[in-house]
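Please work through the exercises below with the sequence and the model at hand. Each task is followed by a stepwise solution.

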Amino acid sequence: MKNRIRRTMMFLNTQRASLVKDPYVYGPDCVILDLEDAVAEGEKDSARIQLFNTLKYADYHGVEIFVRINGLDTPYYKEDIRASVAGGCNGIRIPKVEQASDVQYVEELVVAAEKEFDREVGSTMLMAALESPLAVMNAYEICKSSRRLMGVALSAGDFVRTMHAKRTTHGAEIFSARSQIVLAARAAGVMAFDTVHTDIDDVETLKRDTELIRDMGFDGKSVINPRQIAIIHDVFTPSEKEIRHAERIIIALEKNKKKGVGVLVVDGKMVDVAMIEGAKRTLELAKASNKYRGSLI
């Protein structure tokens, strides 16, 4: 399931039972149970216990569950990994990754935990958060670091700080990082996720940001509030015209493939076999939004 639809990945404070008991009701594609920034220094152990019990006993009705562990420069990450794997999470988000070896080191610990807790080796996915200029410069190597790596995500707060830049609503200060990350992800064949939008009440900037990263090729966006989910999903939902066009592309190309024809005209525009992947993704997004119930995918 490395390439499933993930328009939204919603962070939840693992300590807050009211938040983690039934987040599926908000309809995120994925939740990230947070052991890092959301948890105070003196509460790491109790949060880890809460995490294990949430993973073990809460029913998320098919919503994917990742865990953001504490950084590799802390004394907490090893036990975070053991609890996450023991509880049965779908994947682990590694903060502050700067090089491929960071991912590979976490993978070694995950393998050990999978064996220790009798989970299938290879069943726990990884994703890497890129939060510094060095991480962005090493994005491709990080994306290629492990077969478990599902994707990479930009974390803009630390990136902007270490760049000595200023956070703005127009996003010029992170455009180069966004470009580098999505290029690296596509080159390596993994997914790319945009940073959180921290101003919950600024709906217009959230919508504009989401439209930008959708057009750049990102797969989705990190979320900190349930109110942001519907806005992001709406931006990623194809129009009826786009859905019908995608259908016609797939039908026409599949029909002509047997004849050896790889290029043809659909709706007045030239299309070729390379466009099938994009057309299928359009239908997958429509299906995720309950706007498509066809049988082509």
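The exercises concern an annotated binding site and its two residues.

This is a predicted model, in which local features need pLDDT of at least 70, side-chain atom pairs count only at pLDDT 80 or more, and totals for chains, interfaces and linings use all residues. Residues are numbered from 1 along each chain as its sequence is written, and side-chain values use heavy atoms, with hydrogens and water left out.

**Exercise 1.** Identify the residues that UniProt lists for "binding site" and describe their arrangement in space.

Step 1. The unreviewed UniProt entry names Arg68 and Glu131; such annotations may be inferred rather than shown by experiment.

Step 2. The set is spread over 64 residues of sequence, yet it clusters in space, with a largest C-alpha distance of 13.9 Å.

**Exercise 2.** Characterise the environment of Arg68.

Step 1. Arg68 is found in strand S3, residues 64–68 (strands are DSSP runs of E, at least two residues).

Step 2. Its relative accessible area is 9%, so Arg68 is buried (under 20%, 1.4 Å probe, protein chains only).

Step 3. Beyond its neighbours within four places in sequence, Arg68 is in contact with residues including Phe11, Asp34, Glu36 and Arg93 (heavy atoms within 4.5 Å).

**Exercise 3.** Characterise the environment of Glu131.

Step 1. Glu131 lies in the loop between strand S5 (125–130) and helix H5 (133–137) (helices are DSSP runs of H or I, at least four residues).

Step 2. Glu131 has a relative accessible area of 6% and is therefore buried.

Step 3. The side chain of Glu131 reaches the backbone nitrogen of Lys96 at 2.9 Å.

Key. Buried means under 20% relative accessible area, exposed over 50%, partly exposed in between (1.4 Å probe, protein chains only). A polar contact is a pair of N or O atoms within 3.5 Å; within protein, one must be able to donate a hydrogen and the other to accept it, and residues adjacent in sequence count only if both atoms are side-chain atoms.
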